[in-house]
Amino acid sequence: MSFSIAGKTAIVTGAANGVGLAVARHFADQGANVMFADMDEAGLIEEIGDAAQKDDSRVRYFAGDLREKLTLANLLSATVDAFDRVDILVNGSRQIVKTDPLGPEDNSLDHLLQQNLITGYRLSQIVARRMISQAEKLDQQEGPIGTIINLSSIASGRTHADLLAYSVSTAASDQMTRSLAVALASRRIRVNAVSFGSVMSASLQASLRENDDYYSDITDHTPMGRIASATEVAEAAQFLASDGASFMTGQIVTVDGGRTLIDAVGAPAH
């Protein structure tokens, strides 16, 4: 059984920061060609700008409003121009905003469904068509021809009123994962998700600095007693992208230190 992704080409969205960046970096470290994609061009340049300028580099970046269909088409074209093909898509573009259910101007649900769900669905569609055309061109008649991985959250099964939009969008993403897995199985494209709990990201670090009790609030609700590193999520994504997971599709792999086994109402939101 091999967990190698060396030589494969991946598109990773949400790759300017957080878990998306960790996944993209880890894939590149494991020998994959990686297109780092995000709306935040300054963040992309800061993280990989110099590396992407080298002719022999296995990393490139693409910046643009990924909510736009034309931008997604251009992202795919840029990836194919750079690396000739695409084998892995990681839909990591995700955002958390607070919801005010009684707020007359609250549009958080519309915003997060677009950001966390619809963008990934549209990109999955065009990337899947590319994977199918690649296989047909090479007369590849056996084995998986590509894999799609959605980054999700344990918020999909939890109830926090101020995270209503985020919880709904991630729950919808999980259902999209399962539905796409069935729809694309006959075309030999696998679709899975990594659902994670608390990860030591920049946003969580900022929250911990603001509240001294927050760390213990989280770890007390986590059987393993700690917060995950972003690399631990990236390693789970690598497994799903590898041939070691060749008979897995439609699965929501949870990386949360056991938190969802005991979580109660009132547990911290991160």
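This is a short walk through one protein chain, from its overall build to a few individual residues. The model is predicted.

Start with the whole chain. Its secondary structure comes to 9 helices and 7 strands. The C-alpha trace spans about 55 × 40 × 40 Å along its principal axes. The radius of gyration is 18 Å. A compact globule of 270 residues would have a value near 18 Å, so the chain agrees with that expectation.

Next, the interior and the contacts. Buried residues make up 49% of the 270 residues. Take the contacts with a separation of 6 or more: residues 24 or more positions apart account for 73% of them.

Now the surface. The protein chain exposes about 12,900 Å². Carbon and sulfur atoms supply 50% of that area. The chain carries 22 positive and 33 negative charges. The mean positions of these two sets are 7 Å apart.

Turn to the aromatic rings. A search of the whole structure finds 1 aromatic pair. The partners are Phe3 and Phe239, and their geometry is edge-to-face. The ring centres are 5.5 Å apart, with 85° between the planes. What does this pair tie together? Phe3 lies in the segment before strand 1 (9-13), while Phe239 lies in helix 8 (residues 230-241). The two parts are 236 residues apart in sequence, so the pair links distant stretches of the chain. How exposed are the two rings' residues? Phe3 has 42% relative accessibility and counts as partly exposed. Phe239, at 27%, also counts as partly exposed. The limits explain both labels: buried means under 20% and exposed means over 50%, with partly exposed in between.

Stay with helix 8 and look at the loop that leads to it from helix 7 (214-220); Thr222 sits in this loop. Is Thr222 buried or exposed? Its relative accessible area is 6%, so Thr222 is buried. Leave aside its neighbours within four places in sequence. Thr222 is then in contact with Asp256, Gly257 and Arg259.

Helix 5 offers another link across the sequence. This helix covers residues 164-185, and Ala185 belongs to it. Ala185 has a relative accessible area of 42%, so this residue is partly exposed. Pro144 is 41 residues away from Ala185 along the chain. The C-alpha atoms of the two are separated by 9.0 Å.

Finally, check the backbone. Most residues other than glycine have a negative phi. Two aspartates here go the other way. Asp84 has a positive phi of about 80°, although it is not a glycine. Asp84 lies in the loop between helix 3 (69-83) and strand 4 (88-91). With a relative accessible area of 61%, Asp84 is exposed. The other case is Asp139, whose phi is near 55°, again a positive value in a residue other than glycine. Asp139 is found in the loop between helix 4 (108-137) and strand 5 (146-153). Its relative accessible area is 51%, so Asp139 is exposed. That label rests on the cut-off of over 50%.

How values were computed. Residues numbered from 1 in each chain as written. Predicted model: local features only at pLDDT ≥ 70, side-chain atom pairs only at ≥ 80, totals over all residues. Heavy atoms only, no water. Helix = DSSP H or I, 4+ residues; strand = E, 2+ residues; numbered from the N terminus. Rg over C-alpha atoms; globule rule 2.2 N^0.38 Å. Buried < 20%, exposed > 50% of the residue type's maximum accessible area, 1.4 Å probe, protein only. Contact = heavy atoms within 4.5 Å. Areas by Shrake-Rupley, 256 points an atom, 1.4 Å probe, with all protein chains shown as cover. Lys, Arg positive; Asp, Glu negative; His and termini not counted. Charge placed at Lys NZ, Arg CZ, Asp CG, Glu CD. Phe/Tyr/Trp six-rings, centres within 6.5 Å; stacked < 30°, edge-to-face > 60°.
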